[in-house]
Amino acid sequence: MSENIFSSVDNFLTEQFAPEDAALKAVLQSLDDHQIVHMSISPVQGKFLQLMVQLMHAKNILELGTLGGYSTIWMARALPVDGFLLTIESDPKHAQVAEENIARAGLTEKVEVRVGKALDVLPALAEEKAAPFDFIFIDADKPPYKEYFDWAVKLSRPGTCIIVDNVVRGGKILDANSDDPAVRGVLRLLESLRDRDDVSVTVLQQVGVKEHDGMLMAVVK
Ligand code: SAH
Ligand code: DHB
Ligand code: MG
C-alpha cells in the first residue's frame, strides 16, 4: 500500500516538474524493444541530477553505467555548449542502444559512450588527462562501488560533486551480514568512507516509482 502512495505521489510530481519529452520516452521504449531490463533512474531523479549539474556549472561530467542513456540525457541537457559528458558502459548492446538514444536527443557532440568495464576505463582516463571531472554519477554494477568511488575522487578536483545511486536498497544495507553482492558492495563503500576525510558526504533516502532506495552525495574537499 505504501508503495502505491509513493508511486502515485511520484507520478504526480513528475507530471509537474519532470515531464519526459519524446527523446526521454524513446529511451524507455528502446529498452522494451531490445528486451533490456529497466534500471534507469526515475524522472524526478533525472531532474535532480540535471539541477545539480546546473548548480555546479559542470562542464565535464563522468558517468559509470549508461544503460539506455536515460540519466545521461538528463545530465547532458544541463551542460553548456562547450560541455562534455563521458559515460562508461560494459555491455556493447546497451552502449549501442544508448548511442541511438543520445543521437535522437541531439546530444551526440556532447556525449561519448565508452565501451568497457569501468575498472579498465578509469585508469585510462587518468592517462588521457580527461580529468578532472566537475560532476560524477556512479550507477554501474554495485560490488566494486568502493573502487569506483576511489577512482572518482582520483579523477576529481576540490569541489567536484560525486553522486552514487542505489545505496539504500530497500533498507537491506541494515543487514551487515547480507550475502546480496550489491548490498555488500554498498556496505564496503560506506565503510570505506569512515576512513576518508577528503570528502563531505550525505545520503538522500528516496521513495517513488522505484524501490525504496537512496543516492549518496559527496563533495570533494
Ligand atoms: N545510469 C543509467 C542506468 C544504469 S544501469 C540510467 O539511470 O539511465 C547499470 C548499467 O551498468 C548497465 O547498463 C550495465 O550493463 C552497466 N555495467 C555493469 N557492469 C559494468 C562495468 N563493470 N562497467 C561499466 N558498466 C557496467
Ligand atoms: C539495479 C541497478 C540500478 O542502477 C538501479 O537503479 C536499479 C536496479 C539492479 O541492478 O537491479
Ligand atoms: Mg541505479
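Let's start at Asn-166, which counts as buried at 10% relative accessibility. Keep in mind that you're looking at a predicted model. Asn-166 turns up twice in this briefing: it helps coordinate a magnesium ion (ligand 3), and it is among the residues closest to the centre of the largest pocket. After those two topics, we'll go through some of the salt bridges.

**The magnesium site**

- Three residues coordinate the magnesium ion (ligand 3): Asp-139 (OD), Asp-165 (OD) and Asn-166 (OD1), at 2.1 Å.
- Read along the chain, these donors follow the spacing D-x25-D-N.
- Asp-165 is buried, with a relative accessible area of just 1%.
- Asn-166 falls into the buried class as well, because its 10% relative accessibility is under the 20% cut-off.

**The largest pocket**

- The largest pocket holds about 750 Å³ of space.
- It is lined by 41 residues, and the closest to its centre are Met-39, Asp-139, Ala-140, Lys-142 and Asn-166.
- Helix H3 (43-56), helix H4 (70-76), strand S2 (84-89), helix H6 (118-128) and S6 are the elements that each give two or more residues to this lining.
- Sorted by class, the lining is a mix of 15 nonpolar, 15 polar and 11 charged residues.

**Salt bridges around Asp-150**

- You'll find 11 salt bridges in the structure.
- One of them pairs Lys-146 with Asp-150, whose closest N and O atoms sit 2.6 Å apart.
- Lys-146 and Asp-150 are 4 residues apart in helix H7 (residues 145-154), so about one helical turn separates them.
- Asp-150 also meets Arg-196 in a salt bridge, at 2.8 Å from N to O.
- That second pair ties together distant parts of the chain: Asp-150 is in helix H7, while Arg-196 is 46 residues away, in the loop between helix H8 (181-193) and strand S6 (199-206).
- Both of Asp-150's partners here are partly exposed: Lys-146 has 24% relative accessibility, and Arg-196 has 21%.

**Another pair, and a network**

- Glu-191 and Arg-194 bring their side chains together in a salt bridge as well, at 3.1 Å from N to O.
- Glu-191 is partly exposed, with a relative accessible area of 46%, whereas Arg-194 counts as exposed at 67%.
- Elsewhere, salt bridges with shared partners join Lys-146, Asp-150, Arg-196 and Asp-198 into one network.

Key:
Residues numbered from 1 in each chain as written. Chains lettered and ligands numbered in written order. Predicted model: local features only at pLDDT ≥ 70, side-chain atom pairs only at ≥ 80, totals over all residues. Heavy atoms only, no water. Donors = N, O, S within 2.8 Å, 3.2 Å for Na, K, Ca; no water. Buried < 20%, exposed > 50% of the residue type's maximum accessible area, 1.4 Å probe, protein only. Salt bridge = Lys/Arg side-chain N within 4 Å of Asp/Glu carboxyl O. 1 Å grid on protein atoms, 1.4 Å probe; cavity = no way out; pocket = protein on both sides within 12 Å on 5 of 7 lines; lining within 4 Å. Points joined across faces, edges and corners; volume = space filled by probe spheres on them. Nonpolar A, V, L, I, M, F, W, Y, C, P; charged D, E, K, R; others polar.
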